Amino acid sequence: MSALIAPSLLAADFLHLEKDVRLVNEYADLFHMDVMDGRFVPNISFGFPVIDAVHSIATKPLDVHLMIRHPQAYIERFCKSGAYMLSFHLDATRDDPEPILGMILEQGVKPGLAINPNIPVEKLFPYLDICDFVLIMSVYAGFGGQAFIEDTYGRVERTREEIVSRGLSTHIEVDGGVSPKNASRLISAGADILVAGSSVFRAEDPAAAIAAMRG
Ligand code: DX5
Ligand code: ZN
């Protein structure tokens, strides 16, 4: 069993972003890009200009993770920025997530639904058949470099069981505090995409860290 590794550019060196983009191009599978609005989460990260710039030299697909309120207002623009996968949080909108997932799909982009650690994974189950992937947060969305929450293994297992029992092909992405220490257990639990910020960009040997997590 193995997983795709998606380094989170939130932990990249923004003064030398091109260097870190080339690192992902060479060794990883996806670019994970965290968009924060200072409202859904208490932090602000980056937006369209940075995503457009990364897209212009990326040779691996962009996985854009929206931590913003009212995501439906920006779906089209993020799809035009070159997102290959686009996720938003279930509780970031009061509206039904189903048409929003549909909007993403209509743009030819893979739709994903994300949840924070305090939301039961069962809340994702009604949407598993219309999501290309679900993003199970293993820290509270908003900041890089937080400690991995151990409950995540069980949450991934329950979601994987549901996906298998219904014969679906939904992917499971895990995000937050992922490192070579917990990657293999996450893969055994059923994760197939691992997001890793600090453990890649702060590693002495980022390529080795990526290889160690892939499984
Ligand atoms: C947190 C972000 C994560 C974060 C991961 O809100 O969604 O993608 O960048 O960073 P690490 O791997 O350092 O926890
Ligand atoms: Zn993220």
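Two strands count as paired if DSSP finds at least two bridges between them, and strands here are DSSP runs (E, at least two residues), just as helices are runs of H or I with at least four residues, both numbered from the N terminus. With that in hand, welcome to this predicted model, in which eight strands form an open sheet with parallel pairing. The protein chain has eight helices alongside its eight strands.

A word on conventions: this is a predicted model in which local features need pLDDT of at least 70 and side-chain atom pairs count only at pLDDT 80 or more, while totals for chains, interfaces and linings use all residues. Residues are numbered from 1 along each chain as its sequence is written, chains are lettered from A and ligands numbered from 1 in the order in which they are written, and side-chain values use heavy atoms, with hydrogens and water left out.

**Overall shape**

- The radius of gyration of the protein chain is 16 Å, close to the 17 Å that the globule rule gives for 215 residues, so the chain is as compact as a globular protein of that length. (The radius is taken over C-alpha atoms, and the rule is 2.2 Å times the number of residues to the power 0.38.)
- Along its principal axes, the C-alpha trace spans about 40 × 35 × 30 Å.
- Of the 215 residues, 54% count as buried, where buried means under 20% relative accessible area, exposed over 50% and partly exposed in between (1.4 Å probe, protein chains only).
- Among contacts (heavy atoms within 4.5 Å) with a separation of 6 or more, 63% come from residues 24 or more positions apart.

**The sheet**

- Reading across the sheet, the strand order is 1-8-7-6-5-4-3-2.
- Strand 1 (4–7) and strand 2 (31–36) are the edge strands, each pairing on one side only.
- From one strand to the next, the twist averages 25 degrees. Angles run from 0 to 180 degrees between N-to-C directions, using axes fitted to C-alpha atoms, for helices over the stretch in contact.
- Helix 2 (residues 48–57) packs on the sheet and touches strand 2 and strand 3 (62–67), with its direction at about 170 degrees to that of strand 2.
- Strand 5 (residues 110–115) and strand 6 (residues 133–137) pair in the parallel sense over four bridges, and Ile115 stands opposite Ile136 in strand 6.

**Strand 8 and its neighbours**

- Strand 8 (residues 193–196) is covered on both faces: Ile193 and Val195 on one side, and Leu194 and Ala196 on the other, are all buried.
- Strand 1 runs parallel to strand 8 and is joined to it by four bridges; the bridge partner of Leu4 is Ile193.
- Strand 7 (residues 171–175) pairs with strand 8 in the parallel sense over three bridges, and Val174 has Leu194 as its bridge partner.

**Nonpolar cores**

- A nonpolar core is a set of buried Ala, Val, Leu, Ile, Met, Phe, Trp, Tyr and Cys residues joined through side-chain atoms within 4.5 Å.
- The largest core has 62 residues, and those with the most contacts inside it are Phe31, Val54, Val64, Leu86, Leu186 and Leu194.
- A second, separate core of 10 residues includes Met67, Ala92, Ala114 and Ala141.
- Leaving aside neighbours within four places in sequence, Val64 is in contact with residues including Met33, Ile51, Phe78 and Leu86.

**A look at Asp52**

- Asp52 lies in helix 2 and, at 31% relative accessibility, counts as partly exposed.
- Not counting residues up to four places away in sequence, Asp52 touches Arg77 and Ser81.
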